[in-house]
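Work through the exercises below with the sequence and the model at hand. Try each task before reading its solution.

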Amino acid sequence: MRETAARLWQRWSSDFWRLFRFGITGTLSSLIHYGVYCLMFLYFNYNISYTAGYLVGLLFNYVMTTFFTFRQHPSKKNMAGFAGSHVLNYLLEIALLNLFVWLSVSEWLAPVLVMIVAVPINFLILRFVFVNRK
């Protein structure tokens, strides 16, 4: 019983700090993404602007997720998993963006709402990619 409690505590503790680091990484990536979106939206439509912001944020996010959030080194496996998860994430986000705009949410606010919905889903996908399950 005591060993089980110790294992549960260790797992919860590591997941808590991993989630905390994910929050920092996600916040910075989202700010970069939204900043690029706002800049691009001055000249292009919201889909092109969102995609440009997503790509810039994605590059930053991969470096931070690998080294800071999950404390690993780049590998073909985690790069492929990261790219795959973000293809799914991008499709989800662009669909949500268009849904929110269609529902008459401001094109300046819609990306913020998209991120609020998509970030928790993205964490679960990335945790699966980066954390080795035994």
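**Exercise 1. Place serine 49 and describe its surroundings.**

Step 1. Serine 49 lies in helix α2. Helices are DSSP runs of H or I with at least four residues, strands are E runs of at least two, and both are numbered from the N terminus.

Step 2. Serine 49 has a relative accessible area of 0%, so serine 49 is buried. Buried means under 20% relative accessible area, exposed means over 50%, and partly exposed is in between (1.4 Å probe, protein chains only).

Step 3. The side chain of serine 49 comes to 2.8 Å from the backbone oxygen of asparagine 45. This is a polar contact: a pair of N or O atoms within 3.5 Å; within protein, one must be able to donate a hydrogen and the other to accept it, and residues adjacent in sequence count only if both atoms are side-chain atoms.

Step 4. Leave out residues up to four places away in sequence, and serine 49 touches Tyr37, Met40, Phe41 and Phe44. Contact means heavy atoms within 4.5 Å.

A note on the basis: this is a predicted model, where local features need pLDDT of at least 70, side-chain atom pairs count only at pLDDT 80 or more, and totals for chains, interfaces and linings use all residues. Residues are numbered from 1 along each chain as its sequence is written, and side-chain values use heavy atoms, with hydrogens and water left out.

**Exercise 2. Set out the overall layout of the chain.**

Step 1. The chain has four helices and zero strands. Along the sequence the pattern reads α-α-α-α.

Step 2. The C-alpha trace spans about 60 × 30 × 20 Å along its principal axes.

Step 3. Of the 134 residues in the chain, 37% are buried.

Step 4. Take the contacts with a separation of 6 or more. Residues 24 or more positions apart account for 69% of them.

**Exercise 3. Examine helix α2 from its start to the residue that follows.**

Step 1. Start with the N-terminal end. A side-chain oxygen of asparagine 45 reaches to within 2.9 Å of the backbone nitrogen of asparagine 47.

Step 2. Check the span. A straight helix of 24 residues would cover 34 Å at 1.5 Å a residue, but α2 spans only 30 Å between its end C-alpha atoms. The expected value is 1.5 Å times one less than the number of residues.

Step 3. Find the buried positions. Among them in α2 are Tyr46, Tyr50, Tyr54, Asn61 and Tyr62.

Step 4. Look at glycine 57, also in α2. Its relative accessibility is 5%, so glycine 57 counts as buried. Beyond its neighbours within four places in sequence, glycine 57 is in contact with Ser29 and Ile32.

Step 5. Go past the helix. Arginine 71 follows α2 and has a positive phi, near 50°.

**Exercise 4. Classify two aromatic pairs.**

Step 1. Recall the description. A pair of aromatic rings is described by the distance of the centres and the angle of the planes. Rings of Phe, Tyr and Trp (its six-membered ring) pair if their centres lie within 6.5 Å; planes under 30 degrees apart count as stacked, over 60 as edge-to-face and the rest as tilted.

Step 2. The structure holds seven aromatic pairs. In one of them, phenylalanine 16 and tryptophan 17 have ring centres 4.9 Å apart and planes at 80°, so this pair is edge-to-face. Phenylalanine 16 is partly exposed at 37% relative accessible area, and tryptophan 17 is partly exposed at 45%.

Step 3. Tyrosine 37 and tyrosine 50 have ring centres 6.1 Å apart and planes at 75°, so this pair is edge-to-face. The pair links distant parts of the chain, 13 residues apart: tyrosine 37 is in helix α1 (residues 2-41) and tyrosine 50 in helix α2 (residues 46-69). Both tyrosine 37 and tyrosine 50 are buried.

Step 4. Tyr34, Tyr37, Phe41, Tyr50 and Trp108 form one aromatic cluster.

**Exercise 5. Locate the internal cavity and its lining.**

Step 1. Set the rule. On a 1 Å grid over the protein atoms alone, a cavity is a set of points where a 1.4 Å probe fits but cannot get out; lining residues have an atom within 4 Å of a point. Grid points are joined across faces, edges and corners, and a volume is the space filled by probe spheres set on the points.

Step 2. The count is one cavity of 30 Å³ or more. The largest cavity has a volume of about 230 Å³.

Step 3. It has 17 lining residues, and the closest to its centre are Ser30, Asn61, Asn89, Glu93 and Asn122.

Step 4. The elements giving two or more residues to this lining are α1, α2, α3 (76-102) and α4 (110-130).

Notes. 1 Å grid on protein atoms, 1.4 Å probe; cavity = no way out; pocket = protein on both sides within 12 Å on 5 of 7 lines; lining within 4 Å.
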